[in-house]
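Got the viewer open? Let's take a short walk through the model, one selection at a time.

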Amino acid sequence: MNRFVCVHGHFYQPPRENPWLEAIELQDSAYPYHDWNTRISHECYRQNAVSRILDRDKKIVDIVNNYSRMSFNFGPTLMSWLEDKDPDVYKKILEADRLGQKRFSGHGPAMAQPYNHMIMPLCNDQDRYTQVLWGIRDFEHRFQRHPEGMWLPETAVDLPTLEILADLGIRFSILAPRQAKRVRRLDGKRWKTVNEHDIDTTQPYLCRLPSGKEITLFFYNGPISHNVAYGTLLHNGESLANRLVQAFPGQSDSQPLVHLATDGESFGHHHRHADMALAYCLHHIETKQLARVTIYGEYLDLVRTESEVEIWENTSWSCDHGVERWKNNCGCCGNHTLSGQQGWRAPLRESLDWLRDHFAYMYDKEMRKFVDDPWKLRNDYIRVIHDRSRKYVERFIKEYTHKTLTDLEKVQFLKLLEIQRNSMLMYTSCGWFFDDISGIETTQIMKYAARAMQLCRDVHNEDLEPEFKHRLESAPSSNIPNSNGRLVYEAFVAPCCVDLSRVGAHVGLSSVFDKPCNGATDIFCYTLHQENCRRIEAGVQVLITNSATIESKITLQEYCIELAVLYLGDHHVFAVVRRAGEKDDFDTLCQTMKTAFKRGDTNEVIQIMNTAFGGINYSLSDLFKDQLRKILDRLLENTREEISTSFTHIYEHNYAIMKMVRNMGTPLPPDLAGPTAFVLNRSILKGIRADEVDLQNLRDVMDEIVAFDVQLDQKRLSFEASQRISQWMQQLKNEPGDMKLLEQIGQTLEIIDPQVPEIDLQHAQNLFFEISKTYYLTMKQKVTENNDQEAGCWIALFKQLAGYLDLALS
């Protein structure tokens, strides 16, 4: 085969972790999932790890790991999240690289990426080098090999970046066709100016760098890649395969490579079921021998590079104006109706540049008290990011300082490095990509800036925040009333800031609703050691006093606190925190509050708390977001029951007249349609979640939904139904002879599918496929050899389930 096809997926999500908690908090916009990483992992990353190939009769031919058959890169921060939160998918990605090496002549399909997706031409020299090095080290840590290729964020490129790639042993990268300036044959003298329409993207190009080093560049097929991302090519795998094959040049003595590159999220998140289109595309190309599926590393070994290229520097694949999208009001944005309204970009970048330079000067000055080369140390800090165990961190510090530091010096040492980590995270490209400075991507990078400024205050006693906010005043926002960057910062960033006192307050406030206990408790990236926790109740009122030590797993800082919490019922709760041992004897203070509380004098308790603890109060709004939502749900539980009882009464009391209204062909009035929808939605959820499913009741509810023509919460119902069907299918895989369960799954799908058509059945279908390859064959054999009637009944139910799962059986 002398022609080749390659598909590259750039799988990436911006870091979304709360910088003070090192965890992603609840994101309501991702409903019904907890956060966007979880949602996209379910819709895309997991699907591509176990993607189905269907024949024309919808029979599953095979289940494949798409990652093992394509070129791909995953952002390091996303891989870190997957390792922690979705380990099954993480393992499948690593496994795909090992499988790919067997398929592609020893070359792995995975490529590296600079650490947190900074726009490389806009980096200073130190950040540019660290980003590439951290990306390589992270790749080596996970894939256990050196990367051959590196994907550049937004394909933004300049010669200094390529120099670093070549210097660190990167063999190739991928660019957009419009980034090629001119080309010539290696044995030729005359250059040919090219553009995105006439460059030959079917061959690799050598890029000779000013230092004398070289790197190979591939330029992806622009029209196909664009159609995959924004068009309809992913609606059908065979169409995608045919489009790739049609892109081969006519008669040619060369060995052309037709390749596309796109955001990996196109394969499942942006386009539903597109993972299957990709799987079928590659399967079709291979089985029909239309071309050889390859990856870039293998192709470079098989085909000689015959041309060289010069690039347009400071260009990218997602901005028509080079890299202006990440520093100026160039007109590029997410919502094209808002084009030209991004005057905030330049002031934001200039403000962050000002911060970065202050951080760099301070870091260099302060860290030289510990080491001779602070920047070599920063480059090596990726090792600590990979292993934050206290034992390893202590060893790392001693390795670089060659001495035993005091506890305070260790904290200073780690805080200086964390300033640098956050000062790079605050440049994550998504912060400038979209429409307004108030967007979640932009406020996220400002949170990293806020965390770095907080650490700077701690180690250098320098408060950069007032000047930073002043500079943000020149960044306009369309988010009224937060009309500039300063107001956006104060509204969405400053309230998120966390210190160790607030961690203590979070624990204290939570202990009202979750019984407190002495001993060690992990809270995100902190460990809390509670001592002598006292809880006194008087009716609904609660008084809690506690002593505790809080330790940061990131900086090793320890903070001893004393706290008191008073709960007066409903949402009326507040806490006070102070450093331990600063004032009067805490045991005596606790006894005084206890005495006042027992005689019902809550005013005196509040007065003592305000005077003895310095007057800083914390309330429910100071809880971290997930716990806040959990407690609010608990507080509103009675209210929800009251609403449910009231709506159920309205529904039942007006049932007959609503039936009459609908029989007359008239829609229900809104005052009745709302309660009816509430009751029926609740009934479906209750039915799906029940341990013993009442199929007849579920059928009756569905009939009522049709009869009353009410609106369902499709997102919630499809999510819950998907989870339940997957659970049952897993049970069936473990106990495939359970005919009652087999029938239950089929009938449940039959009942709910007409009204909840968007149920995600991929996992259930994959489990069905596994059963069809094992137990189903055993049952067929029993019928064939023994005319086993029970096996025959099982097969009939299994085939019926295949129909409900939209599959076919042979």
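Start by selecting A520. Is this residue buried or exposed? Its relative accessibility is 57%, and the cut-off for exposed is over 50%, so A520 counts as exposed. Before going further, keep in mind that you're looking at a predicted model.

Now show the secondary structure around A520: the residue is found in strand β16, which covers residues 519-523. Leave out anything up to four places away in sequence and ask which residues A520 touches. You should find T527, L528 and H529. While you're here, add E531, which is 11 residues away from A520 along the chain. Draw a distance between the two C-alpha atoms and you'll get 9.2 Å.

Next stop: strands.

Select residues 558-569, which make up strand β19. How many of its 12 residues are buried? The count is 9, leaving the strand mostly covered.

Add residues 541-552, and you have strand β18 on screen. β18 pairs with β19 in the antiparallel sense, and there are 10 bridges in that pairing. To see one of them, pick L543 and look across to L566, its bridge partner in β19. Then follow the chain through the hairpin of these two strands, where 5 residues sit between them. Stop at L556 in this hairpin and check the backbone: phi is positive, near 65°.

Now bring in residues 572-579 for strand β20. This strand also pairs with β19 in the antiparallel sense, here over 8 bridges. Click L563, then find V577 in β20, because that is its bridge partner. The hairpin of β19 and β20 has 2 residues between the strands. Select D570 there and you'll find another positive phi, near 55°.

Last stop: a pair of helices.

Select residues 125-143 for helix α4 and residues 159-167 for helix α5. At what angle do they pack? The angle is about 40°, with the axes 10 Å apart. The two helices are therefore oblique to each other. Turn the view to look at how they cross: α4 passes α5 in a right-handed crossing.

Finally, show side chains where the helices meet. On the α4 side, pick R128, Y129 and V132; on the α5 side, pick P160, T161, I164 and L165. Colour this contact by residue type and you'll get 5 nonpolar, 1 polar and 1 charged.

Technical notes. Residues are numbered from 1 along each chain as its sequence is written. This is a predicted model: local features need pLDDT of at least 70, side-chain atom pairs count only at pLDDT 80 or more; totals for chains, interfaces and linings use all residues. Side-chain values use heavy atoms; hydrogens and water are left out. Axes are lines fitted to C-alpha atoms, for helices over the stretch in contact, and angles run from 0 to 180 degrees between N-to-C directions. Helices (H or I, at least four residues) and strands (E, at least two) are DSSP runs, numbered from the N terminus. Angles under 35 degrees count as roughly parallel, over 145 as roughly antiparallel, 65 to 115 as roughly perpendicular and the rest as oblique. A crossing is left-handed if the near helix is turned anticlockwise from the far one by less than a right angle, and right-handed if clockwise. Contact means heavy atoms within 4.5 Å. Ala, Val, Leu, Ile, Met, Phe, Trp, Tyr, Cys and Pro count as nonpolar, Asp, Glu, Lys and Arg as charged, and the others, Gly among them, as polar. Buried means under 20% relative accessible area, exposed over 50%, partly exposed in between (1.4 Å probe, protein chains only).
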